[in-house]
Each structure stands twice: as structure tokens, then as C-alpha cells.
Amino acid sequence: MSIRHHIGDDTLMAYVNGTLTESISVVVATHLSICPHCRKSVEMMEEVAGLYLAESEPTDLALSEASLMEKIAELPVAKELEVKRPTAQAADKGVPLPLAERLPVAIDDIPWKKLVPGISHYPISQSSPDKGKGALRLLKIAPGTPMPEHSHSGQELTMILSGSYIDDLGRFQAGDVADLDDETWHRPVADTDKDCICLIATDAPLKFSGFFSRLLQPMIGI
């Protein structure tokens, strides 16, 4: 699997610090399970965080993202870190373990719910107290189908599980992640002859540009 689009450093640092919502964390963990590049970045951040905490006074244990970035910048560029995170997949469900643990059935047996013609979804339940702050779902886009143009009220993290889509940011295929903020407008289009299946996490509702899309938003729950 050739992964070309990775999770942003800010998101990875928030994951290491434990400040992400549950929904975003699930997508990060799922991507980490198959991406050596991002696993190495996380290992480095965890090592620096550990060193920082070990050297800090008891009254100075707060680790900011800015200070973590400064520590990482001081590390030798050529340093190799051993990756110990599990990379196994749940063969019976056809998806990486962090996602498989949250699905009741295999990916091929998901009971999809139709949103609009060519687009279906499957909401994934969350368990943490902050579950109301975001949403986690699988999305299936039929070949050639465009998503409504939208931006984001917060962060959106999308991982492609199968198929691919194309938008103004490029082409995203299996394993790739789109790490988007509230300044990005895009309109993904499934661009192969197979369904594009994505794992999507948001920490706030999307913002649609079209009148009918905005009208449908309360009904489809995105």
C-alpha cells in the first residue's frame, strides 16, 4: 500500500497529548496501524514528551504543542526510532484493528443507510463523555458521485479504506488521510469504478455551500 497523504503534525501531537476527541482519535489510531511514516513521527513525539516530563519540575508538567515542537526540532534528523506499534488487521472484518473493534460486522456486511442517491453512511457509536462533541461514521460514495461542496466548523479527518476520490487537494486512495480544518472548502468525487469507502471523524458539523445541501443537513445528521 502506497500512502501519500498523512496526518498533520498538529493532530499527531494532540493524539500523543491525549487532547483529541474520541472520534478523531479512532481515525488516527486506524491510520497509525498501517502507516510506518506516521508511526515513526508518533514514536519521536512520545520519546521527546517523555524526556521533557522527566526533566521538568513537579510544578511544571504541562506539555504544550509549541514546546514539544521545539524539542523535536532539536533531535538529530537522521535518528531512527524503533516502531513497536501493532500493525495487524482483523482479517475477519477486512479493516485495521482499531476500527474493527468498533464494527459489529465485516466491512462487506455493513448495513448502510442511504443519505442521498449515490451516498450512504453508517454511524459508529462512541463511548466517551465527549462523544457529543463529534461524530464518527463510515461513508460510501458510488463511482462518479460527487459529495456536496462543504467546509468544516472544526476539524475533519478522513481515511480512505477502499476505492479513491479526487478533489482540489489531490487524489486520495486506500490508506491516505485528509486532515482538514475550517479554512478548507472541497467537493470530493469518487473517481474509480468501485465504491469509495471512507472512515470520517468530525468534531463539529460540516458547513455546506448549496441551499438544498444546507436544507438536508438536519435530516442526514452531518
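Start at Gly18. Just after helix H1, Gly18 takes a positive phi of about 75°. Keep in mind throughout that this is a predicted model.

**Helix H1**

Step back from Gly18 and select residues 9-17, which form H1. Which residues of this helix are buried? Color Thr11, Leu12, Met13 and Ala14: these four are buried.

**The six-stranded sheet**

Now show the strands. Six of them make an open sheet, in the order E3-E4-E5-E12-E7-E10. The pairing is antiparallel. Strands of a sheet pair through backbone hydrogen bonds, either parallel or antiparallel.

Go to the edges. Select 113-116 for strand E3 and 177-180 for strand E10. Each has a single partner strand, so one side of each is left without a neighbour in the sheet. Then look along the sheet to follow its twist, which averages 25° from one strand to the next.

**Helix H2 on the sheet**

Add residues 22-32, helix H2. What does H2 touch in the sheet? The helix packs on the sheet and touches E5, E7, E10 and strand E12, residues 196-202. Compare directions: that of H2 makes about 135° with that of E12.

**E4 against E5**

Zoom in on one pair. Strand E4 covers residues 119-123, and strand E5 covers residues 135-141. How many bridges join them? Five, and the two strands run antiparallel. For a marker within this pair, label Tyr122, which stands opposite Leu138 in E5.

**The loop after E10**

Return to E10 and move on toward strand E11, residues 189-190; Asp181 is in the loop between these two strands. Is Asp181 buried, partly exposed or exposed? Its relative accessible area is 38%, between the limits of 20% and 50%, so Asp181 counts as partly exposed.

Next, select Gly154 together with Asp181. Along the chain they are 27 residues apart. Draw a distance between their C-alpha atoms: the separation is 5.9 Å.

**The second largest pocket**

Finish with a surface view. Rolling a probe the size of a water molecule over the atoms shows where empty space is left. The second largest pocket has a volume of about 180 Å³. Its lining comprises 14 residues. To find the centre, select Gly94, Val95, Pro96, Leu161 and Ser162, the lining residues that lie nearest to it.

Which elements give two or more residues to this lining? They are strand E2, residues 95-96, and strand E7, residues 156-162. E7 gives the most, with four residues. Now color the lining by class: nine residues are nonpolar, four are polar and one is charged.

Notes. Residues are numbered from 1 along each chain as its sequence is written. This is a predicted model: local features need pLDDT of at least 70, side-chain atom pairs count only at pLDDT 80 or more; totals for chains, interfaces and linings use all residues. Side-chain values use heavy atoms; hydrogens and water are left out. On a 1 Å grid over the protein atoms alone, a cavity is a set of points where a 1.4 Å probe fits but cannot get out, and a pocket is an open set with protein on both sides within 12 Å along at least five of seven lines; lining residues have an atom within 4 Å of a point. Grid points are joined across faces, edges and corners, and a volume is the space filled by probe spheres set on the points. Ala, Val, Leu, Ile, Met, Phe, Trp, Tyr, Cys and Pro count as nonpolar, Asp, Glu, Lys and Arg as charged, and the others, Gly among them, as polar. Two strands pair if DSSP finds at least two bridges between them. Axes are lines fitted to C-alpha atoms, for helices over the stretch in contact, and angles run from 0 to 180 degrees between N-to-C directions. Contact means heavy atoms within 4.5 Å. Buried means under 20% relative accessible area, exposed over 50%, partly exposed in between (1.4 Å probe, protein chains only).
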